[in-house]
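Please have the model open in your viewer, with a selection tool at hand, and follow the stops below in order.

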Amino acid sequence: MERTHVKAQMLVARGTTQRVFVLYLERLLGLIDGALALLYGQEPTPSAILTRSALECYVDIVNLSRDGDDYLLVLKAMLLENRSSIFHFKTAELYDHFVEDLGEGGAIKMGKRIAEQFKGTLKKASDRYPILRYQARNLTVLNRFRIADMENRYHAAYTWLSMLAHNALEPLLIDDGMRRAGEGADVAQDGVEQAAVLHIIMEMLVDTLKCIETLFGKDEAFTRQFLALLEQVPQA
């Protein structure tokens with residue numbers, strides 16, 4: 001069966017928040033599409049890796065739909081933190097490229113400027129979201145779920161997907177009796193894992209459609225395509 005592919009660009013974006021939302025939506029749909037393709041091929045563990053990445057996009061989509069420009073401060077701080085790390089750790093190739101273009105002194109100045117921009121943006125984000133002030137690592141996935149008031153979803157879904165992503169190590173590191181019953185038990189567990197990944201994907205898609213309608217209003221053509229995608233997600 002040919003699957004429906006929803007194009008985020010169908011949404012008409014006005015303003016920075018909506019344009020950023022569309023970019024995150026495009027990334028989310030691409031990750032979910034890849035996860036579903038792996039699930040159709042009966043590969044629950046690789047699909048869990050993509051689904052976990054999709055959850056990171058999803059929580060940013062939720063926060064953008066709720067808080068708009070305020071949450072852009074968090075996303076900007078994340079971007080600046082990543083860029084600052086290139087200069088702080090002198091990331092190979094990337095840092096060398098700046099040195100080649102700007103010289104060693106110019107690259108050092110640029111690194112300091114980006115670090116200052118990061119500190120200033122993080123302060124503004126922390127003023128808006130006080131929880132960020134009291135964390136050693138401010139911009140973690142967990143804190144972004146906390147901003148969305150969805151910490152339980154983080155522990156129930158994201159943490160479990162992280163465990164599943166590392167599941168290949170389980171027989172080597174943990175002997176807890178769960179896999180002693182032979183191949184039949186492994187097959188049954190794979191079925192449970194597949195069903196759980198599908199449930200998480202379905203929840204994300206349903207919530208994402210609500211976020212789209214919150215930020216963009218109802219677009220009948222887009223909603224029809226999105227509902228067609230939902231209908232094609234296998235029932236867990």
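**First stop: a lysine on the surface**

Begin by selecting K119, which is exposed in this predicted model, its relative accessible area being 53%. Now add E116 to the selection and display both side chains: K119 and E116 meet in a salt bridge, with 3.8 Å from N to O. To see how the two are placed along the backbone, show helix α4 (residues 94-128) as a ribbon; because K119 and E116 are 3 residues apart in this helix, about one helical turn separates them. As a general point, side chains of opposite charge can pair when their charged atoms come close.

**Second stop: an arginine with two partners**

Next, select R153 together with E203, whose side chains meet in a salt bridge at 3.9 Å, N to O. This pair links distant parts of the chain, since E203 belongs to helix α8 (residues 183-216) and R153 to helix α6 (residues 151-165), with their positions 50 residues apart in the count. If you colour by accessibility, E203 should appear as partly exposed, with a relative accessible area of 29%.

Keep R153 selected and add D207, whose side chain also forms a salt bridge with that of R153, here at 3.2 Å from N to O. D207 lies in helix α8 and R153 in helix α6, so this pair ties together parts of the chain that are 54 residues apart in sequence. Is D207 buried or exposed? D207 is buried, because its relative accessible area of 18% falls under the 20% cut-off used for that term.

**Third stop: a small set of charged residues**

Clear the selection and pick D67, D70 and R128, which are linked in a network of salt bridges. A search of the whole structure finds 9 salt bridges, and the pairs K119 with E116, E203 with R153 and D207 with R153 are salt bridges you have already visited.

**Last stop: the whole chain**

Finally, zoom out and colour the model by secondary structure, which shows 9 helices and 0 strands, so that, following the chain from the N terminus, you meet an α element at every step of α-α-α-α-α-α-α-α-α. Switching to a surface view, you are looking at about 13,300 Å² of accessible surface, 54% of which belongs to carbon and sulfur atoms. Of the 236 residues in the chain, 42% count as buried. Among contacts with a separation of 6 or more, 69% are accounted for by residues 24 or more positions apart.

Technical notes: Residues numbered from 1 in each chain as written. Predicted model: local features only at pLDDT ≥ 70, side-chain atom pairs only at ≥ 80, totals over all residues. Heavy atoms only, no water. Helix = DSSP H or I, 4+ residues; strand = E, 2+ residues; numbered from the N terminus. Buried < 20%, exposed > 50% of the residue type's maximum accessible area, 1.4 Å probe, protein only. Contact = heavy atoms within 4.5 Å. Areas by Shrake-Rupley, 256 points an atom, 1.4 Å probe, with all protein chains shown as cover. Salt bridge = Lys/Arg side-chain N within 4 Å of Asp/Glu carboxyl O.
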